[in-house]
Amino acid sequence: GPGQADMYAGLQELGVANGEDLKETLTNCTEPLKAIEQFQTENGVLLPSLQYALPFLDLHGTPRLEFHQSVFDELREKLLERVSAIALEGKVEERYKKLEDLLEKSFSLVKMPSIQPVVMCVMKHLPKVPEKKLKLVMADKDLYKACAVEVKRQIWQDNQALFGDEVSPLLKQYILEKENILFSNDISFLQNFFSPSPKTRRQGEVVQKLTQMIGKNVKLYDMVLQFLRTLFLRTRNVHYCTLRAELLMSLHDLEISEICTVDPCHKFTWCLDACIREKFVDNKRARELQGFLDGVKKGQEQVLGDLSMILCDPFAINTLALSTIRHLQDLVGQDTLPRESPDLLLLLRMLSLGQGAWDMIDSQVFKEPKMEAELITRFLPLLMSFVVDDHTFTVDQKLPSEEKGPIPYPSTIPEAFTKFLQENRIACEIGLYYILHITKQRNKNAFLRLLPALVETFSDLAFSDIFLHLLTGNLTLLSDEFALEEFCTSLFDGFFLTACSRKENVHRHVLRLLLHLHHKVAPAKLESLQKALEPSKQSGEAVKELYNQLSEKLELRKPSPAEVTETPSMELPLPTVPTPASR
């Protein structure tokens, strides 16, 4: 069959007899048995001592093939060891010369399955495989597949399209993994998208595979960065920014200085990585980061494009935003204005740089975005006034109430706040993180007060997956409030349902939340929500699947007709007393 021919491919070129030669000999001879014996002698293993041993093996019924095969395997192992040894010994030029000669001699046998590993091993150890051989390997799918990654790198670095084909499925897988975490059915305020440490994230399959494919090859590293930039521009998907940082730090972990020293973002990313690990930018690291930003020299502004992409990574934004909220709280305690705090100003500067990444890379105009004075003089003081409102309310609740009656929680929001969330990207990002912060504190009053401002936000940020993922997690801390009509109406009718029909992702997040908390929601409200959330013909599979899961759960909850007719028990329900934590 064709397999046979393949098995002996290239032997003739080397003057070694193969099956075809034997066939020819036998067709043209008068005494076949003598001819076979002669062929065996000429082409067998040339060891005098074997002359007597082979007939002995024949007696034991060991086929000659089996014997030759085991000798061959043994020799191949020795040869592979020898090749690996040659690759490490003697002067550099000499050892590579030896390997090149060996490749010349053996390459014609590369299609022979038994010899192929040896040829591949020789190529793997050559830092520069001759161009002609690489072309032959590239042209043959099976050979290309069988190649070591060291050889593939040499092929890829001059074939961007081929490298792109290899990298592309990995990038798709990476984005899918991120989205699966954001839409996961496990909702918790303890474990969320941002929980895994940077070190843990870099152990992910895609980052590891890309790191392995790149090796120490700067050209391939640059190609991957180019792919990430292009995809980020095409899709605006910020997870590509995460991968940009993770890849650099993965090479940093392996101490691949060939690449780290030439990436101008390396030290900045390393410092930011430490902040992300702590989920806080401390003063010392703040100074260091500022030094990098201030150190961008004339003529090197292009590095700002890369730095902005590193800062656009959601893990970086999360760290900067959390640090900003903490700073604002500290400033309230110190009676200091935002504009008097250099640390706060630096956080805002980095947030603007990160949020401006897409525009900068798109326009190729590399300069830091201008910070709007209003953000610092009006918006942040407004947030601080909310913190003060909370303190005042809490203190008031504790004072003995003389005639005045209970002081209501302020329910209106300053119009300026709503306007900032609609028109200013940085204000919106910080505002959303403030709302996450009060939800995590179980501050229902503040949450309900600010919620209406989320219906219209800058480029719909309040309906983005990362925010909704975090919000649904934090809302589990307010689970007892879901029994209250007023709370549910504000949250569902006032916020979620305003976007469900036009934004599939919001529909999914609401269903996730209800799957988790349906048992806390008042039955009448649950029924109306089930109607409102019914998928339309246009709804995607994910929504339909979640809706079916929810319907099944609710079906199980319905009391059976037998239970309903029983006589009601005489126990009165206990009045619900608000616990201090839920205030």
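Helices here are DSSP runs of H or I with at least four residues, strands are E runs of at least two, and both are numbered from the N terminus. By that count the protein chain has 32 helices and zero strands.

A word on the ground rules. This is a predicted model, with local features needing pLDDT of at least 70 and side-chain atom pairs counting only at pLDDT 80 or more, while totals for chains, interfaces and linings use all residues. Residues are numbered from 1 along each chain as its sequence is written, and side-chain values use heavy atoms, with hydrogens and water left out.

**The chain overall**

Of the 583 residues in the protein chain, 44% are buried (under 20% relative accessible area; exposed is over 50%, partly exposed in between, with a 1.4 Å probe and protein chains only). The exposed surface of the chain comes to about 32,000 Å², and carbon and sulfur atoms supply 56% of it (Shrake-Rupley areas, 1.4 Å probe). Take the contacts (heavy atoms within 4.5 Å) with a separation of 6 or more: residues 24 or more positions apart account for 72% of them.

**Two buried spots**

Helix H10 (residues 149-156) is largely enclosed by the rest of the structure, because seven of its eight residues are buried. Those are Val 149, Val 151, Lys 152, Arg 153, Gln 154, Ile 155 and Trp 156. The cover over them includes helices H7 (116-124), H8 (131-139), H9 (141-146), H11 (160-182), H13 (205-214) and H14 (218-235).

How buried is Arg 202? Its relative accessible area is 3%. Arg 202 sits in helix H12 (residues 198-202), and beyond its neighbours within four places in sequence it is in contact with Val 207, Gln 208, Glu 246, Met 249, Ser 250, Asp 253 and Asp 273.

**Core and rings**

In soluble globular proteins, nonpolar side chains tend to be buried together. Here the largest nonpolar core (buried Ala, Val, Leu, Ile, Met, Phe, Trp, Tyr and Cys residues joined through side-chain atoms within 4.5 Å) has 158 residues. Those with the most contacts inside it are Phe 379, Leu 475, Phe 482, Leu 491, Phe 492, Phe 495 and Phe 496. Leaving out residues up to four places away in sequence, Leu 491 touches Phe 447, Leu 451, Leu 475, Phe 482, Phe 496 and Leu 513.

The structure holds 17 aromatic pairs (Phe, Tyr or Trp rings, the six-membered one for Trp, with centres within 6.5 Å; planes under 30 degrees apart are stacked, over 60 edge-to-face, the rest tilted). Two of them look like this:

| Pair | Centre to centre | Plane angle | Type |
|---|---|---|---|
| Phe 379 and Phe 417 | 5.9 Å | 10 degrees | stacked |
| Phe 495 and Phe 496 | 5.0 Å | 45 degrees | tilted |

Phe 379 belongs to helix H23 (residues 373-398) and Phe 417 to helix H24 (residues 415-423), so this pair ties together parts that are 38 residues apart in sequence. Phe 379 and Phe 417 are both buried, and so are Phe 495 and Phe 496. Ring pairs also link Phe 447, Phe 463, Phe 482, Phe 487, Phe 492, Phe 495 and Phe 496 into a cluster.

**Charges over rings, and cysteines**

Arg 201 puts its charged end over the ring of Phe 315, 3.5 Å from the centre (the cut-offs: NZ of Lys or CZ of Arg within 6 Å of the ring centre and within 35 degrees of the ring normal). Arg 508 lies over the face of Phe 183, 3.6 Å from the ring centre.

How many disulfides (cysteine sulfur atoms within 2.5 Å) turn up in the whole structure? Zero. Cys 428 is buried at a relative accessible area of 0%, and Cys 488 is buried at 0% too.

Methods: Disulfide = S-S within 2.5 Å.
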